[in-house]
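Here are a few short exercises on cysteines and aromatic rings. Try each one before you read the solution.

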Amino acid sequence: QQRFAYFPQIDPTYTSQLAVHPTPGHTCSKTGHPCEAFAGKYCQRMGRFATVLENNYRGKTIVLFSHAASVALVASLLRCSMRKLKFAPCGIFQLERINDGPWKMVRNGDSNEDYVKENTATTYPWGFGEKYFEQGQ
């Protein structure tokens, strides 16, 4: 409720349009709980979510908050490889689509230098390393 004053455009009654289901036979190495296979199933889900965004929010401005692995969503929208995409801590990607044309990157989220004074050594721009592609995940 307190945040509503700062973000009045946010709909607190919103229901997620994205469902995450555990991949049979996969468990989280840290918790032991069933989980989605990363990176393959995650990337497939981001591809499906890109279609949901395109269909349900055509002509609207939307803001998404996420983590660095969301370069998979950026790549899905841009219809490009995610091999060279990186997402900085607090990075901001800005994409634009005019009518039904292709998405274009207006701002790359690979840096936060314009608004973050200091990063720690363990917090850096992240992208999918080659191991995710080599393993066929």
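**Exercise 1.** In this predicted model, work out whether Cys 28 counts as buried, partly exposed or exposed.

*Solution.* Start with the relative accessible area of Cys 28, which is 25%. Buried would need under 20%, and exposed would need over 50%. So Cys 28 is partly exposed.

**Exercise 2.** Find the nearest cysteine sulfur to that of Cys 28 and decide what it says about a disulfide.

*Solution.* The nearest one belongs to Cys 35, and it sits 5.6 Å away. A disulfide needs the two sulfur atoms within 2.5 Å, so Cys 28 is in no disulfide. Turn to Cys 35 and you get the matching result: its nearest cysteine sulfur is that of Cys 28, and Cys 35 is in no disulfide. The count of disulfides comes to zero. As for accessibility, Cys 35 has 23%, so it counts as partly exposed.

**Exercise 3.** Classify the ring pair of Trp 126 and Phe 128, then sort each residue by accessibility.

*Solution.* First check the distance: the ring centres are 4.9 Å apart, and pairing asks for within 6.5 Å. Next take the planes, which are at 65°. Over 60 degrees counts as edge-to-face, so that's what this pair is. Trp 126, at 22% relative accessibility, is partly exposed, whereas Phe 128, at 4%, is buried.

**Exercise 4.** Which residues do ring pairs link into a cluster with Trp 126 and Phe 128?

*Solution.* Follow the ring pairs and you pick up Phe 38 and Tyr 42.

Conventions. Residues numbered from 1 in each chain as written. Predicted model: local features only at pLDDT ≥ 70, side-chain atom pairs only at ≥ 80, totals over all residues. Heavy atoms only, no water. Phe/Tyr/Trp six-rings, centres within 6.5 Å; stacked < 30°, edge-to-face > 60°. Buried < 20%, exposed > 50% of the residue type's maximum accessible area, 1.4 Å probe, protein only.
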